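Colleague: Hey, could you walk me through this one? I'm new to it, so plain words please.

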Amino acid sequence: KKIVTWEIIDLGVKIKNTGNLVAENIVGHLSTTSEYITINNAVASYYPIEPGFYGVNREPYAFTISGSCPDGTVISFNLLLTAGEMEWNRNFSLQVSASSLKYHSHFVDDHLSDFNGVVSVGESFNLIINLENTAAVDATNIQATLSSTIPQLVIENPIILLDKIGPSNIYQTTYTIDTSMLEASITQIPLLFNATAGNGSATSA
């Protein structure tokens, strides 16, 4: 099973009584050495399990996955089970899915000016930046920011907030830019685009 970054996971672990007596007073202790996992509830109990039957923990084990966990990371867990004086160790792993934002492309929309797709000093235009989520899970809590080292350049909406971009989808972010305060001698406008997600990797262009 795959799990997603920033998720709070409630985990049920099914166990089988392979012995010939009823297993009672069963308690499980969940642990991991992964730096990306915070365990919120490590201990859970089980109802008595008859021989040859299965049981699932009465209270879920709970843990949170760090938003910095890379996509595809496999997290190893250990489950220590005790029943009276008996104990067993079981190891299992889960794979993490994380979103991955990528700059895709951009174009200039200057239909309110000379409509030639080229920025001219003195005009206002929209810069459309296509932002892609290349992962198989939603990218959530996205902040897309556009900035420039030229203080006279006016970016009317430098920060765009998005709830999500779906798996393998592209979203068009639109920034309105006013160049009327720029000197006529300027031939290039440096721009920096950054986009971050709450559950995956960022991108810059």
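Colleague: How much space lies in the second largest pocket?

Modeller: About 340 Å³. Bear in mind that this is a predicted model.

Colleague: Okay, and which residues lie nearest the centre of that second largest pocket?

Modeller: His106, Val119, Leu127, Ile189 and Leu191, out of 18 that line it. As for elements, β11 (99–109), β12 (124–133) and β17 (192–196) each give two or more residues to that lining.

Colleague: How does the lining of the second largest pocket divide into nonpolar, polar and charged?

Modeller: There are 14 nonpolar residues and four polar ones, with no charged residue in that lining.

Colleague: Now the largest pocket. How much space is in there?

Modeller: About 450 Å³. It has 21 lining residues, and the closest to the centre are Lys16, Asn17, Thr18, Trp88 and Arg90.

Colleague: How does the lining of the largest pocket split up into nonpolar, polar and charged?

Modeller: In the largest pocket you get 13 nonpolar, five polar and three charged residues.

Colleague: And which element supplies the largest share of that lining?

Modeller: β10 does, with five residues. The elements that supply at least two each are β3 (14–16), β9 (74–83) and β10 (86–97).

Colleague: Switching topic: how many aromatic pairs are there?

Modeller: Three. One of them joins phenylalanine 63 and phenylalanine 77, with 5.0 Å centre to centre and 45° between the planes, a tilted arrangement. That pair links distant parts of the chain, since phenylalanine 63 is in strand β8 (residues 61–65) and phenylalanine 77 is in strand β9, 14 residues apart.

Colleague: Are those two rings' residues buried or exposed?

Modeller: Phenylalanine 63 counts as buried, at 0% relative accessibility. Phenylalanine 77 is buried too, with a relative accessible area of 2%.

Colleague: Why does the pair of phenylalanine 77 and phenylalanine 92 count as stacked?

Modeller: Because their planes are at 15°, and planes under 30 degrees apart count as stacked. The ring centres of phenylalanine 77 and phenylalanine 92 are 5.3 Å apart. This pair also links distant parts of the chain: phenylalanine 77 is in strand β9 and phenylalanine 92 in strand β10, 15 residues apart.

Colleague: What about the accessibility of phenylalanine 92?

Modeller: Phenylalanine 92 is partly exposed, at a relative accessible area of 24%. Put together, ring pairs link Phe63, Phe77 and Phe92 into a cluster.

Colleague: Which ring does the charged end of lysine 14 sit over?

Modeller: The ring of tyrosine 54, at 4.9 Å from its centre. There's also arginine 58, which lies over the face of tyrosine 47, 4.2 Å from the ring centre.

Colleague: Last thing, strand β4. Which side chains point to the buried face?

Modeller: In strand β4 (residues 26–31), Ile26, Gly28 and Leu30 point to one face and are buried. Val27, His29 and Ser31 point to the other face and are not buried. In a regular strand, side chains alternate between the two faces of the sheet.

Colleague: Which way does β4 run relative to strand β6?

Modeller: Antiparallel, with four bridges joining β4 to β6 (residues 43–46). Valine 27 stands opposite serine 45 in β6.

Colleague: And how many bridges does β4 have with β9?

Modeller: Six, and β4 and β9 pair in the antiparallel sense. Serine 31 has asparagine 78 of β9 as its bridge partner.

Note on methods. Residues are numbered from 1 along each chain as its sequence is written. This is a predicted model: local features need pLDDT of at least 70, side-chain atom pairs count only at pLDDT 80 or more; totals for chains, interfaces and linings use all residues. Side-chain values use heavy atoms; hydrogens and water are left out. On a 1 Å grid over the protein atoms alone, a cavity is a set of points where a 1.4 Å probe fits but cannot get out, and a pocket is an open set with protein on both sides within 12 Å along at least five of seven lines; lining residues have an atom within 4 Å of a point. Grid points are joined across faces, edges and corners, and a volume is the space filled by probe spheres set on the points. Ala, Val, Leu, Ile, Met, Phe, Trp, Tyr, Cys and Pro count as nonpolar, Asp, Glu, Lys and Arg as charged, and the others, Gly among them, as polar. Rings of Phe, Tyr and Trp (its six-membered ring) pair if their centres lie within 6.5 Å; planes under 30 degrees apart count as stacked, over 60 as edge-to-face and the rest as tilted. Buried means under 20% relative accessible area, exposed over 50%, partly exposed in between (1.4 Å probe, protein chains only). A charge sits over a ring if NZ of Lys or CZ of Arg is within 6 Å of the ring centre and within 35 degrees of the ring normal. Two strands pair if DSSP finds at least two bridges between them.
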